[in-house]
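Let's take a walk through this protein together. Have the sequence and the 3D view ready, and follow along as we go.

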Amino acid sequence: MLKVGLTGGIAAGKSVVGEMFVALGARLVQADRIAHSLMQPGEAVYNEVVRHFGREILNRDGSVNRAKLAEAAFGPASLAKGKRESRAQQSRIEELNRIVHPVVIRSQDAWMQEMGRQDPRAIAIVEAALILEAGAGGHFDRLVVVTCSEEQRTVRFAARQKIDLEAARKEVERRMAAQLPDEEKIKAADYVIDNSGMLERTREQVWVAWKELTTLSSAP
């Protein structure tokens, strides 16, 4: 069984690439969905997040309002381009990560182990934005990094969130300030998928990576 991490910056197209791998036969789990399930009322992670960030981040029904949590952790979406978060804001981000990341990583590892039990030659992919930032790179046999241009990232995020381009640009810059730049992620990558062009070109790159991954997963 081959453990593969799939990562990249916000709105680079990780999910699109993940779906392409699944269509070829990979098994995939999204760290974001794991984190979402862990933040349901009654879960230990939920209780810790509310204790550290206050009930102001909750909706009326007690569920976590992810936009409010993001603002509490990352600060308002007015971060100037190129400006890193303040030391205090960085501390808030690290505080959230300390609560969430270890539990998500344990869940990812358990899922990959289960995929291996089901099929010793499975290619199990974890899609997660913060694999390297969370120090989880060593949990994988191979790392795939998805990239795209800054403008495309903004346009895609605007479409996904149904907001205007300026608001999207500010939000992307705010979140990217808390992530490693693409250049650093590429240095750690075994495969780089450039998702800046047509989807067919992206699919071709995924196919090349897939052929190598299947060879590795079948090796004795």
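We'll start with one helix and then visit a couple of other spots in this predicted model.

Find helix 3, which covers residues 44-53. Which of its residues are buried? They are Val 45, Tyr 46, Val 49, Val 50 and Phe 53. If you look down the axis of helix 3, these buried residues fall within an arc of 130 degrees, so they line one face of the helix. That spacing makes sense once you know a bit about helices: an α-helix has 3.6 residues a turn, so residues three or four places apart point the same way.

Now turn helix 3 around. The face turned away from its buried side carries Ala 44 and Arg 51, which are exposed. Just past the end of helix 3 you'll meet Gly 54, which takes a positive phi of about 90 degrees.

Next, hop over to helix 6, made of residues 150-161, and pick out Glu 151. Glu 151 has a relative accessible area of 41%. Partly exposed covers the range from 20% to 50%, so Glu 151 counts as partly exposed. How far is it from Phe 53, back in helix 3? Glu 151 and Phe 53 are 98 residues apart along the chain, and their C-alpha atoms are separated by 32 Å.

Last stop: Gly 197, in the loop between strand 5 (191-194) and helix 9 (199-218). Gly 197 is partly exposed too, with a relative accessible area of 45%. Measure along the sequence and Gly 197 sits 45 residues from Gln 152, yet from C-alpha to C-alpha the two are 9.6 Å apart in space.

Terms used. Residues are numbered from 1 along each chain as its sequence is written. This is a predicted model: local features need pLDDT of at least 70, side-chain atom pairs count only at pLDDT 80 or more; totals for chains, interfaces and linings use all residues. Side-chain values use heavy atoms; hydrogens and water are left out. Helices (H or I, at least four residues) and strands (E, at least two) are DSSP runs, numbered from the N terminus. Buried means under 20% relative accessible area, exposed over 50%, partly exposed in between (1.4 Å probe, protein chains only). The arc is that of the directions from the helix axis to the C-beta atoms.
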